[in-house]
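Please open the model in your viewer and keep the selection panel at hand. The stops below go from the whole chain to the ligand and then to two backbone details.

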Amino acid sequence: MRFPSKEDGKGIWELVKSTRVLDLNSAYSYLLLSKYFNETCVVAEADGIIAGFVSAFHPPQQPEVIFVWQVAVDEAFRRHRLGMNMLKHLLARKACSNSRYLEITVNPSNHAAYNLYRKLADELGTSCVEEECFPSRLFPGGQHEEEIMLRIGPLM
Ligand SMILES: CC(C)(COP(=O)(O)OP(=O)(O)OC[C@H]1O[C@@H](n2cnc3c(N)ncnc32)[C@H](O)[C@@H]1OP(=O)(O)O)[C@@H](O)C(=O)NCCC(=O)NCCS
C-alpha cells in the first residue's frame, strides 16, 4: 500500500470502471487526485497491478475530518481485508494524525460497503452515525440512488 503517483491515474480509472457500481469519474480527476491529494489517497499494488484504491481528502472547512470519496477493490482481491486494511492504512498516515472523524457516503443498496464501514467502526471501537447527505433529487436524470453519510468517530 502506498501513495499514488500520476503514473497510476490510468490504472485507477480502469479499476474504478471495472467495479461497475462506482460512479466513474473522468481520467483527469484520478490524475488530479494522484498528483495533488496523494497523501490522503491509497493505492494497493500486487505484481504491478492496482488491486485497490481509496480516494480521500480533508474538507477545507473541516480539517479534522477525513472524507473518503471512493473505495475500490479488484474483484480478484475481495474478501481478503484489502478494503479494511487500506482504510486503516489511510488513518495511520501522518496526513490523518489530526483526523477525528472519517466521513463517507454510501448507497443504501451497497451492503458490502455498509458492512465494511460498520465493521471498521467496530474494530476501531468507535461509533458510526448515519445521516442524510445527497438525496437522489440532487442528481441529474433521476436515476442515481441517494448517498447516505456515515460518520465514524471520534478517532482519537
Ligand atoms: C466494498 C469493497 C471495497 C469491500 O472490499 P473488500 O476488500 O472485499 O472488503 P474486506 O475484505 O476488507 O471486508 C471487510 C468486511 O467488510 C464486509 N464485507 C466486505 N464485502 C462484503 C460483501 N460482499 N458482502 C457483505 N459484507 C462484506 C464484511 O464485514 C467484511 O468482513 P469479513 O470478511 O470478516 O466478513 C469491495 O467489495 C468493492 O470494491 N466493491 C465495489 C466498489 C464499492 O462498492 N465501493 C464502496 C462504495 S461506497
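This tour says what to select at each stop and what is there.

The model is predicted, so that local features need pLDDT of at least 70 and side-chain atom pairs count only at pLDDT 80 or more, whereas totals for chains, interfaces and linings use all residues. Residues are numbered from 1 along each chain as its sequence is written, and side-chain values use heavy atoms, with hydrogens and water left out.

Begin with the whole protein in cartoon view, where there are four helices and six strands, taken as DSSP runs numbered from the N terminus (helices H or I, at least four residues; strands E, at least two). Followed along the sequence, they give the pattern α-α-β-β-β-α-β-α-β-β. The C-alpha trace spans about 40 × 35 × 30 Å along its principal axes. For 156 residues a compact globule would have a radius of gyration near 15 Å, and the protein agrees with that, at 15 Å; the radius is taken over C-alpha atoms, and the globule rule is 2.2 Å times the number of residues to the power 0.38.

Next, select the ligand and the residues near it (one heavy atom within 4 Å). This shell holds 20 residues, with Val 71, Arg 81, Gly 83, Asn 110 and Lys 119 the closest. By class, the shell residues are 11 nonpolar, five polar and four charged, where Ala, Val, Leu, Ile, Met, Phe, Trp, Tyr, Cys and Pro count as nonpolar, Asp, Glu, Lys and Arg as charged, and the others, Gly among them, as polar.

Which elements give two or more residues to this shell? They are strand S3 (65-73), helix H3 (82-92) and helix H4 (111-124), and H4 gives the most, with six residues.

Now show distances from the ligand's oxygen atoms for polar contacts (N or O pairs within 3.5 Å). A polar side-chain atom of Asn 110 is 2.7 Å from a ligand oxygen, a polar backbone atom of Val 73 is 2.8 Å from one, and a backbone N or O atom of Met 84 is 2.9 Å from one. Taken alone, the ligand exposes 910 Å², of which the protein buries 81% (Shrake-Rupley method, 1.4 Å probe).

Finish with the backbone. Most residues other than glycine have a negative phi, and most peptide bonds are trans. Select Arg 79, in the loop between S3 and H3, where phi is positive, near 60°. Then move to Pro 154, in the segment after strand S6 (147-153): the peptide bond from Gly 153 to Pro 154 is cis, with omega near 0°.

Definitions and conventions
A polar contact is a pair of N or O atoms within 3.5 Å; within protein, one must be able to donate a hydrogen and the other to accept it, and residues adjacent in sequence count only if both atoms are side-chain atoms.
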